[in-house]
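Biologist: Hi! Could you walk me through this one while I have it open?
Modeller: Happy to, here it is.

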Amino acid sequence: MFAMRLLWLCVATLALLLVLASAATLKDTPKERYDGYGVYRLSVKNKLQQAVIEQLSQLSSKYNIWKDYDEHSQEVHIMVAPAELQHFQALLSLHAISSEQIIENVQDLIDAEQVTPAADSAPFGWTKYYELSEIEAWLDSILAAYPAVTEEFIVGQSYEGRTIRGIKISHKAGNPGIFIESNIHAREWITSASATWFINELLTSQEPAVRNLAESYDWHIVPVFNVDGFEYSHAKNRMWRKTRQPHATNECIGVDANRNFDSHWLENNGASSNPCSETFAGDVPGSEPEAKALTEYLKTIENEFSVYISFHSYGQYLLSPYGHTKEEFPDNYDDLLEIGEAFATAVESLPYGTAYRYGSTADVLYVATGTSVDWVFNELNKKVAFTIEYRDQGRYGFILPPVQILPNCQELMAGMLALIDKTEELGYL
């Protein structure tokens, strides 16, 4: 018996040492650099060309899809490692795929995101991108400064044990509710920047329309949903998209959390079953603790909100269900289009003139299954649910310069005012 206990103790100690060694290795791993990585806009005209690009996309460390193919633009945006460029160009030539380089050196854009020491020492604002700890410290300060109208809520825990935090803003009981989920894809930093700005505006703006928005509705906002991936995107790999849970039988890590919800999961090629793909749906729906936690939390408050919005980048779209098919549309699709038109018109009316397209995900963009928005729409029966894909259309892609944070936020507010106004007019709030 003693020998058996000793054996188990040795095994447990060895396992602990392996975990610690792995953590130490990760800590000491240099930050991923993207020197010489280019991003190309491909013009894809037929099924064979699509299949070629799909095969490349499975090699995500060499060929990283930034924008999947959609039938309207017939474009794919893909980041290519410099060592693969000769092979990539030969493949394009062989299959008559035309291309245009839209970003010459991804690392240059990443370097340009870094701010001056003076800006770095300034109070929390919207002229730079912040790490998770800084966002959480700011959230703490907001909760402390506005205790009468704010409260924290906890969605759950991530794979690595981080807390997924949200803030509820409520001025009076009985208000209809709106839920916002942000930064489900780690590298889309503009989403959490916009979410924190929006929270701040709801609490501090003196504009009558914004005050009405703040005081007439209950707001449930999660600034950073994919906390593990977001932390990793800052600490180790700026272009990281997925969660951080290892796969049981594959060396590739993480799942696309926005393909992991149990709504038409993995149907119609709307996600990938390959663990190395950027759109890997997981082995089963809800395999990711983050996605599972969100579904369980939303069920507990399903009577407290009527509208669900997910913040993403990039492309300038307002997307409604369905994501799983472009052959069918929701019963209230005409209303969703009317709301989309109001949003897009309001955004484009600003001096920036930024144009948004709107419509169902599958029809306007591409088939995407297992998304949070579709799950809420289909399973919780919330009939106003949208994905907002922020700036831009490829010039900077996921690495939107900090100077564009505030313009993007201003567009968000204009769009949200119109979206909520039209949603109420149509009787959904």
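**Helix packing, sheet and confidence**

Modeller: Let's start with a helix pair in this predicted model: helix 8 and helix 14 cross in a left-handed way.

Biologist: At what angle do the axes of helix 8 and helix 14 cross?
Modeller: Roughly 60 degrees, and the axes come within 11 Å. Helix 8 covers residues 208–216 and helix 14 residues 405–425. Because of that angle, helix 8 is oblique to helix 14.

Biologist: Which residues meet there?
Modeller: From helix 8, Ala209, Val210 and Leu213; from helix 14, Met413, Leu417 and Ile420. That contact has 6 nonpolar residues, with no polar and no charged ones.

Biologist: Okay, switching to the sheet. What is the strand order?
Modeller: The order is 5-6-8-7-9-12-10-11, in an open sheet of 8 strands with mixed pairing. Strand 5 (150–157) and strand 11 (357–360) are the edges, each pairing on one side only. From one strand to the next, the twist averages 20 degrees.

Biologist: And strands 7 and 8, parallel or antiparallel?
Modeller: Parallel, over 5 bridges, between residues 177–182 and residues 218–222. Gly177 sits opposite Asp218 of strand 8.

Biologist: Which strands does helix 11 touch?
Modeller: Helix 11 (residues 333–348) packs on the sheet against strand 10 (317–320), strand 11 and strand 12 (384–390). Its direction makes about 165 degrees with that of strand 11.

Biologist: Last thing: where is pLDDT under 50?
Modeller: Over residues 1–26, where the model has 2 contacts beyond four places in sequence. Low-pLDDT coordinates should not be read in detail. For the chain, mean pLDDT is 92, and 92% of residues reach 70 or more.

Terms used: Residues are numbered from 1 along each chain as its sequence is written. This is a predicted model: local features need pLDDT of at least 70, side-chain atom pairs count only at pLDDT 80 or more; totals for chains, interfaces and linings use all residues. Side-chain values use heavy atoms; hydrogens and water are left out. Axes are lines fitted to C-alpha atoms, for helices over the stretch in contact, and angles run from 0 to 180 degrees between N-to-C directions. Helices (H or I, at least four residues) and strands (E, at least two) are DSSP runs, numbered from the N terminus. Angles under 35 degrees count as roughly parallel, over 145 as roughly antiparallel, 65 to 115 as roughly perpendicular and the rest as oblique. A crossing is left-handed if the near helix is turned anticlockwise from the far one by less than a right angle, and right-handed if clockwise. Contact means heavy atoms within 4.5 Å. Ala, Val, Leu, Ile, Met, Phe, Trp, Tyr, Cys and Pro count as nonpolar, Asp, Glu, Lys and Arg as charged, and the others, Gly among them, as polar. pLDDT is the predictor's confidence in each residue, from 0 to 100. Two strands pair if DSSP finds at least two bridges between them.
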